[in-house]
Amino acid sequence: MKIFILLIAGCVIGFVFGENVAVLAPVGDAYIKLLKMLIVPLVFFSIISGVTKLASPKEFGQVGIRVIVFYIVTTIVAAAIGVVISLGVNPGIGAEGMLGTVEETTSQAYSFADSILTWIPENIVSSMAKMDMIPIIIFAVLFGVCIIMVGEKAKPIVAFIEAGNEVMLQMTNLITDLAPYGIFFLAMQLTGTLGTEMLAVAVKFVVAIYVALLVIMLVFYPLVCKFMGRFSPIQFYKNVGPALMMAFSTGSSNAALPMGFTCQEKRCGVPEKIYSFSLPLGATVNMNGFAASLGIIAVTALELYNVPLTPVLVIQAVGMGLVLSIGAPGIQGTAVVMSAIMFEALGLPMGMLPLIAAIWPLVNIGTTTVNVTGDHIGTCVIASNLGMIDKKVFDQKNMDK
């Protein structure tokens with residue numbers, strides 16, 4: 001409630017004072033920096049801790065591989081949904097040439113093999129310094145598996161990892177307590193600098209994104225719950241509601257992790273050895289909402305520059321939605337960077353970046369909520385398929401716990 005009240009207050013003040021609120025922008029930026037500060041150590045300790053809770057490398061293969069495959073498949077579907085919705089809404093039609101024209105795309109060759117090679121950590125310290133998340137995750141998983149293989153001799157390291165994980169969760173709780181105030185200043189900054197003419201141009205773009213997100217939340221995810229997880233979608237949404245509210249209010253997948261852990265254990269009946277691995281991993285690599293948005297951004301940009309949409313470009317937009325959403329930090333501020341990389345790959349100018357930067361706070365809460373929902377569905381589906389979910393806890397009627 002405090003977050004909601006301060007969000008509305010920030011919007012009102014931003015509209016009243018306009019660009020004068022820019023003087024307070026550093027306060028909102030400071031809150032974002034605090035969230036970014038958490039990402040590397042939180043993911044590092046959480047993933048190692050989750051892997052070490054698995055009894056053996058065989059059990060890791062049983063759980064970990066299923067989780068990873070589930071995340072990849074659902075991300076591809078989400079990106080495809082975004083592209084299909086954007087082809088129906090056509091956000092850029094009617095505004096062709098607004099940002100200039102491109103006669104022909106000269107998309108650069110994209111090598112999937114080269115991308116895979118960049119995921120292998122050449123220098124883990126350098127990867128941490130650059131917040132290059134995929135190499136960090138790979139190192140953390142390998143480190144955890146080796147701890148399991150070493151056994152008794154590695155117990156001191158396990159104790160250190162567990163302590164480090166608890167410390168990072170406590171730090172996350174402290175920083176997320178500042179969420180209402182950080183969101184107040186971010187909302188004020190957004191509404192104070194967003195011009196009305198840009199709002200008019202962006203309406204269809206925002207509508208397309210939210211239509212895609214609603215299709216994922218209300219159609220795709222319930223089907224996954226029903227047919228892959230064999231549990232009630234309505235009960236699932238009730239169980240993970242607090243975590244989704246945290247994601248919606250903060251716009252951060254990582255900030256929703258502590259509440260997510262609580263929901264999985266006390267409301268879904270999933271064991272810690274599953275959710276302590278799947279949720280931190282999902283907060284980094286499972287960005288379904290973001291993948292759908294990237295598909296829409298690609299189609300919109302191609303339309304704005306009056307580039308004919310060919311099947312190859314459409315498939316490439318889906319592929320870029322998958323690849324670029326993997327490893328994107330689970331906090332605000334990554335959309336512009338990822339979009340720039342995609343425009344470069346599609347051979348498009350960067351003229352749409354200011355528009356994305358301006359409207360992204362409006363859609364970030366939606367994409368983040370879809371991202372986090374996907375993490376929790378994956379966790380529950382894998383636990384259900386392995387017979388590790390406590391049905392009595394999941395189906396409980398008393399949701400006060």
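Helices (H or I, at least four residues) and strands (E, at least two) are DSSP runs, numbered from the N terminus. This is a predicted model, where local features need pLDDT of at least 70, side-chain atom pairs count only at pLDDT 80 or more, and totals for chains, interfaces and linings use all residues. Residues are numbered from 1 along each chain as its sequence is written, and side-chain values use heavy atoms, with hydrogens and water left out.

**Whole chain**

Start with everything shown. The protein has 18 helices and zero strands. Of its 401 residues, 54% count as buried. Buried means under 20% relative accessible area, exposed over 50%, and partly exposed in between (1.4 Å probe, protein chains only). Contact means heavy atoms within 4.5 Å. Take the contacts with a separation of 6 or more: 85% of them join residues 24 or more positions apart.

**The cores**

Select Ile47, Ile297, Phe343, Met352 and Trp360. These have the most contacts inside the largest nonpolar core, which has 105 residues. A nonpolar core is a set of buried Ala, Val, Leu, Ile, Met, Phe, Trp, Tyr and Cys residues joined through side-chain atoms within 4.5 Å.

Zoom in on Trp360. Beyond its neighbours within four places in sequence, Trp360 is in contact with Ile209, Phe290, Ser293, Ile297, Ala335 and Thr367. Apart from the largest core lies another, of five residues; Leu6, Val21, Phe185 and Met188 are among them.

**Helix H14**

Now select residues 288-304, which form helix H14. Asn288 lies in this helix. Is Asn288 buried or exposed? Asn288 is buried, at a relative accessible area of 1%.

Show the side chains of Asn288 and Thr75. A polar contact of 3.1 Å joins them. A polar contact is a pair of N or O atoms within 3.5 Å; within protein, one must be able to donate a hydrogen and the other to accept it, and residues adjacent in sequence count only if both atoms are side-chain atoms. Leaving out residues up to four places away in sequence, Asn288 also touches others, including Tyr71, Ile216, Tyr221 and Asn371.

Move along H14 to Ile296. Ile296 counts as buried, at 0% relative accessibility. Its contacts, again leaving out residues up to four places away in sequence, are Gly82, Ser86, Phe205, Ala208, Ile209 and Ala212. Add Val206: the C-alpha atoms of Ile296 and Val206 are 9.6 Å apart, and 90 residues separate the two along the chain.

Past H14, pick Asn306. This residue sits in the loop between H14 and helix H15 (311-325). Asn306 is not a glycine, yet has a positive phi of about 60°. Most residues other than glycine have a negative phi.

**Helices H12 and H13**

Select residues 272-285, helix H13. At 1.5 Å a residue, its 14 residues should span 20 Å, and its end C-alpha atoms are 20 Å apart, which agrees. The expected span of a helix is 1.5 Å times one less than its number of residues. Twelve of the 14 residues of H13 are buried, so the helix is mostly covered. Among the buried ones are Ile274, Phe277, Pro280 and Val285.

Add helix H12, residues 257-267. H12 and H13 pack at an angle of about 145°, with their axes 10 Å apart. Axes are lines fitted to C-alpha atoms, for helices over the stretch in contact, and angles run from 0 to 180 degrees between N-to-C directions.

Which residues meet here? On the H12 side they are Leu257, Gly260, Phe261, Gln264 and Glu265; on the H13 side, Tyr275, Ser276, Leu279, Pro280 and Ala283. The buried residues of H12 are Leu257, Pro258, Gly260, Phe261, Cys263, Gln264 and Arg267. After H12 comes Gly269, with a positive phi near 75°.

**Thr379 and Asn173**

Keep that view and pick Thr379, in helix H17 (residues 353-385). Thr379 is buried, at a relative accessible area of 0%. Leaving out residues up to four places away in sequence, Thr379 touches Tyr71, Gln264, Val270, Ile274, Tyr275, Ser278 and Leu279.

Next, pick Asn173 in helix H7 (residues 155-176). Asn173 is partly exposed, with a relative accessible area of 32%. Asn173 and Leu257 are 84 residues apart in sequence, and their C-alpha atoms are 9.6 Å apart.

**Last stop: Arg230**

Select Arg230, in the loop between helix H9 (196-229) and helix H10 (233-239). Arg230 counts as exposed, at 52% relative accessibility. Its phi is positive, about 55°, although Arg230 is not a glycine.
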